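Subject: Handing over the structure

Hello,

Here is the structure we talked about, ready for you to open. My notes on it follow below, so have a look at it first and then read on.

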Amino acid sequence: MTASIGSTAGLTAGQEGGARSRRGADLIVKSNLLLVFLALCVVASLLAPQFLTGRNIANLLQQSSLTGIVAIGMTMVVLTAGIDLSVGSVAAFGGMTVALLMAAGVPVLPAILLTVTAGAAFGAVMGGLSAYLSLPAFMTTLAGLTAIRGLTYLLTDGKPAEAGGSEAFQLLGGGFIGYVPIAGIIFVVITILAAVVLRGTTFGEYVYAVGSNKEAARLSGLPVRGVITTVFAVSGALAALAGVLLTSRLTVGQPTAFNGLELDAIAAVVLGGTNLFGGRGGVFGTFVAVLLLSVLRNLCNLLGLGSFFQMVVTGLILLVALILNMLIERRGARA
C-alpha cells in the first residue's frame with residue numbers, strides 16, 4: 001500500500017514537471033517574435049552604438065508609427081480571413097484630402113474628421129462589395145487600389161498640395177512630447193484600443209468567429225456581412241489617418257506617397273503571427289512586428305547597407321516567420 005502511494009506521488013510529481021516543461025516551451029514558442037526583437041535590439045546596439053541614442057529611438061518610433069497604424073487595421077481585416085490591398089491608396093488620398101481641405105480654409109478638426117470619414121467610406125464600400133456580393137476581397141481591394149490612386153492624382157492633376165494649417169496640426173505628425181513622438185503615442189493608443197475591442201467586446205468575438213468559420217458563424221446567427229464591412233471601414237479610416245499624419249509632418253500632401261504600404265502592412269501582420277486564413281492572431285504581435293521591421297531597416301541604414309539588401313533581408317525574415325507559424329500551428333494541432 002505504502003509503495004503504491006509512493007508510486008502515485010512520484011507519477012503525479014512527474015506529470016506536474018512535464019506540464020511545467022510544456023508550459024515553459026509553449027511560452028517560449030508564443031513569445032518567439034518578442035525574443036527575436038529583443039535579440040535584434042542587442043545586436044543592433046553592439047554593431048551600431050548610435051542605435052540606442054534617444055534621438056534615433058524617437059525617429060524609429062515616428063517612422064514606424066504610420067505603417068503600424070495601417071497594420072493594426074489590416075490585422076482586423078485578416079482576422080476575418082480578408083485582405084485589404086487598397087490601404088496605400090486610401091492613405092495617399094487621405095493625405096491629399098486633408099491638405100486640400102485646410103488650404104480651402106476648413107478648420108483642422110473638421111478637415112481631419114472629413115478625411116477619416118472618407119477613408120472609412122472607401123473601406124466600407126470595398127468590404128460591403130466583398131461581403132454582400134461574395135466578391136473576393138483580394139479583387140475588390142485591388143480595384144480600389146487602382147481607382148483610389150487614380151482619384152488621388154485627379155485631385156491636383158498629380159501635383160503636391162500645400163497644407164498650410166496651424167502649428168497644432170503640424171505637431172500632430174511631427175511633434176514630440178519629450179523624446180516621444182506624438183505619432184508614436186497615437187500608434188500605441190490605437191493598438192491598445194484595438195486589443196480591447198478584439199479581446200474584450202462581443203464585436204471582437206464576432207471577428208474571430210467569422211475568421212474561424214464564416215459559414216458556421218452565419219448559421220449561428222452572427223451578422224457576418226456587417227462584421228466584414230465594419231472591419232474594412234476601420235481599416236480605411238486608419239489608413240486615411242496615416243495619410244493625415246504624414247501630411248501633418250511634411251506640411252504637404254503627396255499623391256505619390258505610400259506606394260507599397262499595403263505590402264509592408266501585410267508583412268507586419270504575417271510576421272506578427274496572425275493567420276492569413278483568419279481566426280487566429282492579434283494586434284500585439286503586429287505591434288512587435290512593425291517595430292522589428294523598423295529596427296531591421298534602421299540597423300541597415302546605420303551600417304550603410306543599401307535598400308536592395310534590406311529587401312532581401314526582409315523577405316528572408318518573412319519566410320522564416322511563415323515557417324515558424326506553420327510549426328506553431330502543427331504543434332497546436334497535436335496538442
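Let me begin at the end of one helix: just after α4, glycine 105 has a positive phi of about 95°. Please keep in mind throughout that this is a predicted model.

The helix before that glycine is α4, which covers residues 87-103. From first C-alpha to last, the 17 residues of α4 reach 24 Å, close to the 24 Å expected at 1.5 Å a residue. Helix α4 is mostly covered, with 14 of its 17 residues buried.

One residue of α4 that I looked at in detail is alanine 91. Which residues does alanine 91 touch, leaving aside those up to four places away in sequence? They are Ala239, Ala240, Gly243, Phe258 and Leu261. Alanine 91 has a relative accessible area of 0%, so it counts as buried. Its C-alpha atom is 9.6 Å from that of leucine 66, a residue 25 positions away along the chain.

Now for the whole chain. It holds 14 helices and four strands, and 45% of its 335 residues count as buried. Among contacts with a separation of 6 or more, 78% are between residues 24 or more positions apart. The accessible surface is about 16,400 Å², and carbon and sulfur atoms make up 69% of that.

Next, a helix pair. Two packed helices are described by the angle between their axes and the distance between the axes. For α3 (residues 54-79) and α12 (residues 261-271), the angle is about 65° and the axes are 8 Å apart. The crossing of α3 with α12 is right-handed. On the α3 side, the residues in contact are Thr67, Val70, Ala71, Met74, Thr75 and Val78. On the α12 side, they are Leu261, Glu262, Asp264, Ala265, Ile266, Ala268 and Val269. By class, this contact has nine nonpolar, two polar and two charged residues. Leu261 of α12 is also one of the residues that alanine 91 touches.

Helix α8 spans residues 182-200. Its 19 residues reach 26 Å from first C-alpha to last, close to the 27 Å expected at 1.5 Å a residue. The buried residues of α8 are Ile182, Ala183, Gly184, Ile186, Phe187, Ile190, Thr191, Ala194, Ala195 and Leu198.

Leu198 turns up again in the surroundings of valine 207, a residue of helix α9 (residues 202-212). Not counting residues up to four places away in sequence, valine 207 touches Met76, Leu79, Thr80, Leu198, Val227 and Val231. Valine 207 counts as buried because its relative accessibility is 0%. From valine 207 to glycine 278 there are 71 residues in sequence, and 9.0 Å in space from C-alpha to C-alpha.

Finally, two backbone angles. Most residues other than glycine have a negative phi. Alanine 81 is not a glycine, yet has a positive phi of about 70°. Alanine 81 sits in the loop between α3 and α4, and its relative accessible area of 39% makes it partly exposed. Threonine 251 also is not a glycine, and its phi is positive at about 60°. The place of threonine 251 is the loop between α11 (224-250) and β4 (252-253). Is threonine 251 buried or partly exposed? With a relative accessible area of 24%, threonine 251 is partly exposed, because buried means under 20%.

Best wishes

Technical notes:
Residues numbered from 1 in each chain as written. Predicted model: local features only at pLDDT ≥ 70, side-chain atom pairs only at ≥ 80, totals over all residues. Heavy atoms only, no water. Helix = DSSP H or I, 4+ residues; strand = E, 2+ residues; numbered from the N terminus. Buried < 20%, exposed > 50% of the residue type's maximum accessible area, 1.4 Å probe, protein only. Contact = heavy atoms within 4.5 Å. Areas by Shrake-Rupley, 256 points an atom, 1.4 Å probe, with all protein chains shown as cover. Expected span 1.5 Å × (residues − 1). Axes fitted to C-alpha atoms, helices over the stretch in contact; angles between N-to-C directions. Left-handed = near helix turned anticlockwise from the far one by under 90°. Nonpolar A, V, L, I, M, F, W, Y, C, P; charged D, E, K, R; others polar.
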